[in-house]
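I opened this entry to record what I looked up on side-chain packing and on cysteine pairing. The notes follow in the order of my look-ups.

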Amino acid sequence: MRRGHIAVVTAASALTVLAAVPAHAAEYSSALKIKGVQYDAPGRDSNSCATGNTDEEYLTIKNYSRTATVNLKGYVVKDATGNKFTFTKNHTLQPGDYVKLRGGHGTDSDASNVVYRNNCNFIWNNDKDTIYLYKSSGAHADTHAYTKSADDRDGNGYITYHG
């Protein structure tokens, strides 16, 4: 085989490998990524602010950088229908650190790694949805689509994306 043919075969093999990566697993250039989502809060869903369980629905965002500290202020989380939450306060994630973005009302805490949406409505659908994470610049940081039947094999309402 001539060298030109080897390059074509190698390029074709690379395209085959790229085509095998599912579209919902797009990778963006960002230290912050979605680690996982508790899209279906345990128990019967109730968005009552007094007695509901929206605080049991959460998104875990992790800083996967080895060196960079990232401030979440200005970052945006959205679902497929446009429901969104914007981090309006400073919340700093050191390398390897994470935050759980919870529904409901509570006190944000760097020490407890939690930020509350201060909204008693659920944001993630229990059957399927898409989660978008945008940097404060507006650039994509991470995106994941899920379906309960395909992605939640143990049926516990939690899906892990990045280890």
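I turned to the largest nonpolar core of this predicted model. I counted 24 residues in this core, and I noted that Leu-59, Phe-87 and Trp-124 touch the most other members. I then asked which elements give two or more residues to this core. They are S1, S2, strand S7 (98–102), S9 and strand S10 (140–147). S1 gives the most, with three residues.

I next looked up Trp-124 and set aside its neighbours within four places in sequence. I found Trp-124 in contact with Leu-59, Val-37, Gln-38, Tyr-39 and Glu-57. I also listed Val-77, Lys-78 and Asp-79 as contacts of Trp-124, together with Asp-129, Thr-130, Ile-131 and Tyr-146.

I then asked how many disulfides a search of the whole structure finds. The search finds one. I identified the pair as Cys-49 and Cys-120, with their sulfur atoms 2.1 Å apart. I read the torsion about the S-S bond of Cys-49 and Cys-120 as about 120 degrees, so I entered the disulfide as right-handed.

I located both partners in loops. Cys-49 lies between strand S1 (32–38) and strand S2 (58–63), and Cys-120 lies between strand S8 (114–116) and strand S9 (128–134). The pair therefore ties together parts that are 71 residues apart in sequence.

Finally, I asked of each cysteine: buried or exposed? Cys-49 is exposed, because its relative accessible area is 55% and the cut-off is over 50%. Cys-120 is buried, because its relative accessibility is 6% and the cut-off is under 20%.

Note on methods:
Residues numbered from 1 in each chain as written. Predicted model: local features only at pLDDT ≥ 70, side-chain atom pairs only at ≥ 80, totals over all residues. Heavy atoms only, no water. Disulfide = S-S within 2.5 Å. Helix = DSSP H or I, 4+ residues; strand = E, 2+ residues; numbered from the N terminus. Buried < 20%, exposed > 50% of the residue type's maximum accessible area, 1.4 Å probe, protein only. Core = buried A, V, L, I, M, F, W, Y, C linked by side-chain atoms within 4.5 Å. Contact = heavy atoms within 4.5 Å.
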